[in-house]
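User: Please take one part of this protein and look at it closely, working outwards from there to the rest of the chain. I would like a single connected account that I can follow with the model open beside me.

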Amino acid sequence: MELRGKQKRFLRSQAHHLHPIFQVGKGGLNAEMIKQVAEALEKRELIKVSLLQNTDEVAEEVAAVLEQQINCQVVQIIGRVLVIFKPSSQEKYQKISNEVKGI
């Protein structure tokens with residue numbers, strides 16, 4: 001599912017007040033962190049991931065890896081913060097994705 005402009009704008013507005021729940025630090029992006037991000041997306045659908053100052057990772061590369069591994073969509077990259085969206089497979093968590101479909 002490719003997001004349209006209006007859908008991305010809606011998701012950005014929803015993510016505005018969120019705080020990053022994952023931080024990529026010195027250790028970089030590893031398999032365990034990718035798994036945790038996938039689990040968090042299953043429950044929340046929309047999360048923020050921040051890259052700390054001491055990491056060698058580049059935001060665009062982290063975004064590309066996450067999109068490939070988890071099959072999610074990076075809605076926005078602002079500096080060192082990624083906004084990531086993936087519709088939940090469980091109906092009880094599909095609050096945001098149902099709104100996105102309506103746009």
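Analyst: **A close look at one strand**

Strand β4, residues 81-85, is largely enclosed by the rest of the structure, because four of its five residues are buried. Here buried means under 20% relative accessible area, exposed means over 50%, and partly exposed covers the range in between, with a 1.4 Å probe and protein chains only. The names of the elements come from DSSP runs numbered from the N terminus, with helices being H or I runs of at least four residues and strands being E runs of at least two.

This is a predicted model, in which local features need pLDDT of at least 70 and side-chain atom pairs count only at pLDDT 80 or more, whereas totals for chains, interfaces and linings use all residues. Residues are numbered from 1 along each chain as its sequence is written, and side-chain values use heavy atoms, with hydrogens and water left out.

The partners of β4 are the next thing to trace, where two strands are said to pair if DSSP finds at least two bridges between them. Strand β2, residues 46-51, pairs with β4 in the antiparallel sense over five bridges, and strand β3, residues 73-78, is also antiparallel to β4, again over five bridges. L82 of β4 is the bridge partner of V49 and likewise the bridge partner of I77. The hairpin formed by β3 and β4 has two residues between the strands, and within it G79 takes a positive phi near 60°.

Following the pairing into β2, one finds a strand that is mostly covered, with six of its six residues buried. L46, K48 and S50 point one way from β2, while I47, V49 and L51 point the other way, and all of them are buried. S50, which lies in β2, counts as buried because its relative accessibility is 9%. Setting aside residues up to four places away in sequence, S50 touches P20, F22, Q23, V24, R80 and V81, where contact means heavy atoms within 4.5 Å. β2 also pairs with strand β1, residues 22-24, the two running parallel and joined by three bridges, and V24 has L51 of β2 as its bridge partner. Just before β2, in the loop between α2 (31-44) and that strand, sits E45, whose phi is near 75°, a positive value in a residue other than glycine. E45 has a relative accessible area of 0% and is therefore buried.

On the β3 side, V75 lies in the strand itself and counts as buried because its relative accessibility is 8%. Leaving aside neighbours within four places in sequence, V75 is in contact with V83 and F85, and also with L3, K8, L11 and R12. The loop between α3 (59-70) and β3 holds N71, which has a positive phi near 65° although it is a residue other than glycine. N71 counts as exposed, because its relative accessibility is 63%.

The strand can now be set within the whole chain, which has four helices and four strands and follows the pattern α-β-α-β-α-β-β-α when read along the sequence. Among contacts between residues at least 6 apart in sequence, 70% join residues at least 24 apart, and buried residues make up 40% of the 103 residues. The radius of gyration, taken over C-alpha atoms and compared with a globule rule of 2.2 Å times the number of residues to the power 0.38, is 13 Å, which agrees with the value near 13 Å for a compact globule with 103 residues. Along its principal axes the C-alpha trace spans about 40 × 25 × 25 Å. The chain exposes about 6,300 Å², of which carbon and sulfur atoms supply 47%; accessible areas come from the Shrake-Rupley method with a 1.4 Å probe, and for residues only the protein chains shown count as cover.

Lastly, the chain end offers one more point of reference, since I103 is found in the segment after α4 (95-101). I103 counts as partly exposed because its relative accessibility is 31%, and, not counting residues up to four places away in sequence, I103 touches R4, K6, Q7 and F10. The C-alpha atoms of I103 and E57 are separated by 34 Å, with these positions 46 residues apart along the chain counted as their sequence separation.
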